[in-house]
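Here is a short report on ring contacts and charge contacts in one protein chain. Look over the sequence and the model, then read on.

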Amino acid sequence: MTAETITAEASGTVTLGDLPVHRIGFGAMRLTGSAAFHLGTPSSRERSLSVLRRAVELGVNHIDTAAFYFSATRSANELINTALAPYADDLVIATKVGPFRDYCGEWGTSARPDQLRGHVEENLRQLGRDHLDLVYLRRMRQDSVAEHFGALAELRTAGLVRHLGISGVEPRHLTEALEIAPVVSVQNRYALDRPDPVDDEMLRLCGERGIAFVPFYAVAGEAGAHAAADTHDEEVRAIARAHGATPAQIRIAWTLHQGPHVLAIPGTGNPDHLAENVAAGALRLTADETARLDALHTGPGTGAS
């Protein structure tokens, strides 16, 4: 099998509430340009549309997006709507609310609880949906998420939202949210070269509670929104050579090996990288390889070199 013939089905399946999705999904952040938001060069519209259509052809049925994913000339939500509507019955689109960018791309004050309905409505409008499959509350430094999450729970009761998740959180925030409404997934920053005891604990807690854990920047690592990582530890390179794979594919495979409840949502605007990302779901690391990579994540001197 080649990267062009391996589909997302090879990664296995996880259920988000009552919605089954393949463990390899697609993050829409990089559809708008060479880097996220306003940080890069705007992408070719036609190439971005073709990447989305190809993702679905390759079996991707979980797309992660947000209304604040836009550049000077591109909107991820508008691209998704144009490329994929009318949507397949099995396609799950997840979005995030909380952060806010104005039309110039500048970050504004995060939403108050009473403003979250407007954020949800804007995603509905842009995506051309009458409800959202999954909405994450992205915590923006607030000490408690109860009031914000409660506002989203009301929108769930009203039928605008099917399932709820939380993002950028600590264990105490998960406890708060679960007292209000079911949480089907947690989306935190998590990467091979970015150890963080809080996120490690969140991954463990989600596994215990049957909650999906959806890391972001798993491939980008410390580069974050700016670009995908282009430097890799020699251990990563050696394991990649052993599998005839790329270092990015090994990062994705390691992410999925963190537990059966873990999903991956690598994003790209490059059709070739898309196929490679999806194919990473078929990689099976040995116990020794996983242990070597785990040591990079938890040991001293962690990071790319």
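Is D288 buried, partly exposed or exposed? D288 has a relative accessibility of 47%, so D288 counts as partly exposed. The cut-off for exposed is over 50%. Keep in mind that this is a predicted model.

**Salt bridges**

The structure holds 18 salt bridges. Three of them are set out here.

| Acid | Base | Closest N and O atoms |
|---|---|---|
| E78 | R45 | 2.9 Å |
| E235 | R292 | 2.8 Å |
| D288 | R292 | 3.2 Å |

Start with E78 and R45, which form a salt bridge. E78 lies in helix α2 (residues 76–84) and R45 in helix α1 (residues 45–57), so the pair ties together parts that are 33 residues apart in sequence. E78 is partly exposed, at a relative accessible area of 30%. R45 is partly exposed too, with a relative accessible area of 30%.

Next comes R292. It forms a salt bridge with E235 and another with D288. The E235 pair links distant parts of the chain: E235 is in helix α7 (residues 234–243), R292 is in helix α10 (residues 287–298), and they are 57 residues apart. The D288 pair stays within helix α10, where the partners are four residues apart, about one turn of the helix. E235 is partly exposed, with a relative accessible area of 28%. R292 counts as partly exposed, at 27% relative accessibility.

Salt bridges can also join up. R139, D143, E170 and R172 are linked in a network of them.

**Aromatic rings**

How many aromatic pairs are there? The count comes to five. One of them joins Y190 and F213 edge-to-face, with 5.7 Å centre to centre and 90 degrees between the planes. This pair links distant parts of the chain: Y190 is in the loop between β8 (185–187) and α6 (197–209), F213 is in strand β9 (residues 212–213), and 23 residues separate them. Y190 and F213 are both buried.

Y190 also pairs with W254. Here the rings are stacked, 5.8 Å centre to centre, with 5 degrees between the planes. Y190 lies in the loop between β8 and α6 and W254 in helix α8 (residues 247–256), so the pair ties together parts that are 64 residues apart in sequence. W254 is buried, as is Y190.

Elsewhere, ring pairs link F68, Y69 and W107 into a cluster.

**Charges over rings**

Rings also meet charges. The charged end of R101 sits over the ring of F70, 4.1 Å from its centre. R129 lies over the face of Y87, at 5.0 Å from the ring centre.

Technical notes. Residues numbered from 1 in each chain as written. Predicted model: local features only at pLDDT ≥ 70, side-chain atom pairs only at ≥ 80, totals over all residues. Heavy atoms only, no water. Phe/Tyr/Trp six-rings, centres within 6.5 Å; stacked < 30°, edge-to-face > 60°. Helix = DSSP H or I, 4+ residues; strand = E, 2+ residues; numbered from the N terminus. Buried < 20%, exposed > 50% of the residue type's maximum accessible area, 1.4 Å probe, protein only. Lys NZ or Arg CZ within 6 Å of the ring centre and 35° of its normal. Salt bridge = Lys/Arg side-chain N within 4 Å of Asp/Glu carboxyl O.
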